[in-house]
Amino acid sequence: MIDVLTNMAGNVWKIVVNKGDKVSSGQEVIILESMKMEIPITAKNDGEVAEVIVNEGDFVNDGDVLLKLE
């Protein structure tokens with residue numbers, strides 16, 4: 001499993017992928033909102049979404065796991 005982590009604190013504004021979706025390296029998977037800015041979080045590897053850990057509206061801290069790829 002490959003963890004997709006956040007690189008800053010913020011609110012989960014939009015989850016762009018669902019469990020079972022195939023993703024490519026560099027593809028946006030989640031968009032955070034922090035200080036009225038939208039920050040895209042991208043996959044660092046190709047894979048399939050095994051689990052989405054967070055929900056839209058959740059607050060996350062730097063380094064939190066957002067989803068898992070396999």
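**Surroundings of V16, the core and the open sheet**

V16 counts as partly exposed, with a relative accessibility of 39%, a value that falls between the limits of 20% for buried and 50% for exposed residues. The model examined here is predicted. V16 is located in the loop that links β2 (10–15) and β3. When neighbours within four places in sequence are set aside, the contacts of V16 are E28, V29, I30 and I31. The C-alpha atoms of V16 and Q27 are separated by 9.7 Å in space, and the two residues are 11 apart in sequence.

Two of the residues in contact with V16, V29 and I30, also belong to the largest nonpolar core. This core holds 17 residues, and V29 and I30 touch the most other members. Two or more residues are contributed to the core by each of β2, β4 (28–34), β5 (37–42) and β8 (65–69). In soluble globular proteins, nonpolar side chains tend to be buried together. With residues up to four places away in sequence not counted, I30 touches V12, K14, I15, V16, I39, P40, I41, V54, L66 and L67.

An open sheet is formed by 4 strands in the order β1-β8-β6-β3, and the pairing is antiparallel. Its edge strands, β1 (2–5) and β3 (22–23), each pair on one side only. Strand β3 is joined to β6 (residues 47–52) over 2 bridges in the antiparallel sense. In this pairing, K22 stands opposite E48 of β6. Strand β8 thus appears in two settings: β8 is a member of the open sheet, and β8 also gives two or more residues to the largest nonpolar core.

How values were computed:
Residues numbered from 1 in each chain as written. Predicted model: local features only at pLDDT ≥ 70, side-chain atom pairs only at ≥ 80, totals over all residues. Heavy atoms only, no water. Pairing = 2+ DSSP bridges. Buried < 20%, exposed > 50% of the residue type's maximum accessible area, 1.4 Å probe, protein only. Contact = heavy atoms within 4.5 Å. Core = buried A, V, L, I, M, F, W, Y, C linked by side-chain atoms within 4.5 Å.
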